[in-house]
Amino acid sequence: MSNRLIEFAGQAMELHHSGALFWHQQNMLVVGDLHLEKASSYHKSGQFLPPYDTAETLRRLAEAITFFTPARIMLLGDIFHDGEAWLRMRVSDRDRLLNLFESIDTIWVEGNHDEHFVPPGHISQESCELDGINFRHIMDTSKQTPEISAHYHPVASIRHRGTRVRRACFVCTPQRLLMPAFGALTGGLDVGDVVLAPLRGPDTQVYLLGNDAVFAAPPGLVVS
Amino acid sequence: MTNWLAERGWTWFAHQRETADAALSGHDVVVFAPTGTGKTLAGFLPSFLDIADRNSNGKLHTLYISPLKALAVDVHRNIEAPVEELSLPISFETRTGDTPSSRRQRQKNNPPDFLMTTPESLALLLSYDDAPNYFSGLRYVIVDELHAFFDNKRGDLLSLGLARLAHLAADVVRIGLSATIDNPEKARKWLCKDEGVIICVPQAVAPQIDILQTNKRIPWSGHMARHALRALYDAIVDARMSVVFVNTRAQAEFIFQNLWRLNDRNLRIAIHHGSLERDLRRKVEARMAAGGLDCVVATSSLDLGLDWADVDLVIQVGAPKGISRLLQRVGRANHRLDEPSRALLVPTNRFEYLECVAAQAEIVANNLDGAVFRRGGYDVLAQHIFGVACSGPFFADKLFSEIITAAPYADLARVEFDEILNFVTNGGYVLQAYPQYKRLTKLTNGSIVLRDTKMARQYRMNVGTIVESPMMKVKLGNRNLGNIEENFVVNLSPGDTFLFGGQVLCFEGISNAAVIVSRAKGSEAQIPSYGGGRLPLSSNLSEAVRRLIGARDEWCRLPKQISDWLRLHDDRSALPDEKTLLVELFPHRGLHHTVVYSFAGRNANQTLGFLLLRRMKRGGLKPLGFSMTDYALSVWSLNPPNEIISLLDPDIMGDDFEEWLQDTPLLKRLFRDAAIISGLVERRHPGHVKTGRQILFSSDLIYDVLRRHEPDHVLLKAVRRDVMHGLIDAGRLADTLQQLHGNIVCRRLDMISPMAVPLILQITRENILNVDEEDALLHDLEQEVIRAANVESID
């Protein structure tokens, strides 16, 4: 397993192939856009996607937690696909989620999808600042403080030896770090899209999620 | 009517009379006839006679179904003349996906006597609750181009639709119009209820098929016919009006552009392929019908049905790939029965030359390709059941017995049906989620209904079995030039030039989900090797090619350069004739090549390539990749294989195949289609992709989750049924290996053999990798960058 150690805002951050980020100094894991119960949200309209995405996402989260054993976890919004997702979740999945957080401090940042829902016994906040880094769900381009955000589900394609590989990715500029979506059934937005233009620049680095490693993509090879 | 014909100096053909006799006495009929024999009129004649007897009763009398919208429109035009001139009291209209909704509404409330339509539109009509009333007066169903329905999901859909119709209007007579095929009995069973009549019309004059002769060197490989352009142009000049058929869009663009370069006679040459904007295509068709063109360069988008009697020469660039397909294309030319159709074959490389010569011989011997009849897909059945539910309550038992009257589903087991019904009801997952959101519910009397009638909209938006590969609009300024495959675009970098719509375009970038292009300055385009839409070589023709290779006394029919090539190959290696599975081993540029001359078609060869990669990897041979054609496949490795017989043991189709199937990206492609057809995910309509938002989910992710958590789900089974044909072609590969396993001839050579040259020259640009291989590629890229960085720092 090869994680990627990077420096962001003067801090050591470890990027994990699951799409989680680990902040060493804070002993904190960061994940965003789990979109739990996304599949079941389509049932209402008669589209029966396989109802296994929540279990799959929680399996991956458990893996990341076992690997880093963090003291804290930052949940960067859209943890639930909608305000009723918690009600739709199977009891066993709910228990599993709460068990994962039993001995970990949680910080819940509000997303746009889950209508500020947090599981019973938890509270959420709009954004959060830790050691000079601002955490929020959607990036705020009006601010110039270092910021880690989620929301856009960035994906990037690279071309090498005539083959194109498309993967979810971290996007990192000196000022901002954009998290990939962590959920098992989350689609993506290409980093070439206009709404991500503010992140483009000579110092922007894209890290693609591999099967069990994180790969740095040379900027010139990222195609859209 | 006889008078009307007589005025034109025509009389009834025997098959037209026979068709009318059989149909009017209540029998289903299948007419097998070459193009241009008055087949369409034969189909309509019973309807004309019947309605003239009983007069219109304000209900739909005859349904004409064709695989092509354009054909429905064209036939509409063709029967307009007799109907008007005979003042038959018949109203007739066309209904396809392009028909405006106001007219569709009117057709629904006030049906015409005759309706020309497509299988998809039939499915839609059947899904309305007034379908029983709408079809209650129906007497005849005419299925045109019947042969185009046996081996695909549209055929499944049509067959299910016909079974439904039989339930709504019991004494409907079915009339099938088919090109000549090798197995009329099977076709009869496919279409007819019980006692159907077969009517075969022989070809009056055998078509005259020549191979274009040039004094140029015929290339070892490639598909662009660069060597033959001048001779091709001369042939077009000599003809009154010609159609140049090609196999791929890239070929169409290349040939079109180069013909114009040679066009010192200012011939009117146009281009027609499926990616062009519809209006542009319609314009070309109209100009052609009006005799306003001298030549059209076209892909199979122009293939079916349309009658163009003025075309006196059909040119086929590239190998025909199948006898039946070639005959149908040739039949487009010269619709006069007493004169032969004229066609010219233009082989683009040496193997294709063999294929063209073999095809000539097969046509003389009238050896047609075996028509393939597939087993009906689960996904299409799911769509059909949903459609039935939209039309009103149904009983499962009755629906099951109706469905097994459709030939593709004749051997469907009740448990399979129940599983699919369950899938339509609630997704069919072991883990039951949200019973309140079921799509179908059971009433107390046991009948099944749609829970919410609004869901019918979902069905109607997604009806049909054609899943196009994702396409992107091509924009030049504000002008839409057409659509291009997304898979092609992702391989372009800004500044790359390519041919599209007969122009050289420069790729600028992507904006708002459209491909932005400018006019390129130069006239040379970098032509991509886009392989989409290529059909594999038919088994029949591949056998004929092997026979030709083995028959040295027939080589006199070949140009000297081709027979020399075969002789040289025979000297250096061995001939891959019809009794031999030739395998060659030779080193080339530090790698060991294993070339297998399977002649199994490109899809089956691709599958074999993947399987050999696995086996060789396990055997420590360190294979690095493979390339394939219709004829052969080459795998290259760091270590040479010691033993060939066991490498090609047919048991490769057992565990190895199963394992490979688990994680091949090809299966994901099949799954994407099945997910859309079955209604698991909704169709993305082209041009509706919004920018600035994440796509909702991809079928690849669904596939991964499903495979991990419910590997026996019915949709995964549906995909497994589909692998036997088409993209994976497991059935044909298994047959080939089985047949030839005892006859493997292995040659160890010092160097590349003459027949292997095309494989080695071929650069496979479009690699298909699984996740692990993709990761290896990313790793490789990173290492490469790191190395480059070190070099720079030392400098």
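The following dialogue examines selected features of a predicted model.

In this predicted model, local features need pLDDT of at least 70 and side-chain atom pairs count only at pLDDT 80 or more, while totals for chains, interfaces and linings use all residues. Residues are numbered from 1 along each chain as its sequence is written, and chains are lettered from A and ligands numbered from 1 in the order in which they are written.

User: How do you know that strand 21 and strand 22 of chain B pair?
Analyst: Two strands pair if DSSP finds at least two bridges between them. Six bridges join strand 21 (residues 581–588) to strand 22 (residues 591–596) of chain B, and the two run antiparallel; therefore they count as paired. One bridge links B:Phe586 with B:His593 in strand 22. Strands here are DSSP runs of E with at least two residues, and helices are runs of H or I with at least four, numbered from the N terminus.

User: What makes strand 23 and strand 25 of chain B edge strands?
Analyst: The open sheet has the order 23-24-22-21-25, with mixed pairing. Strand 23 (623–628) and strand 25 (744–748) each pair on one side only.

User: Why is the contact of helix 8 with helix 15 of chain B divided into four nonpolar, one polar and three charged residues?
Analyst: Ala, Val, Leu, Ile, Met, Phe, Trp, Tyr, Cys and Pro count as nonpolar, Asp, Glu, Lys and Arg as charged, and the others, Gly among them, as polar. B:Lys153, B:Asp156, B:Leu157, B:Leu160 and B:Arg164 in helix 8 meet B:Val380, B:His384 and B:Val388 in helix 15, contact requiring C-beta atoms, placed from the backbone, within 7 Å. B:Lys153, B:Asp156 and B:Arg164 are therefore the charged residues, and B:His384 is the polar one.

Notes. Contact = placed C-beta atoms within 7 Å.
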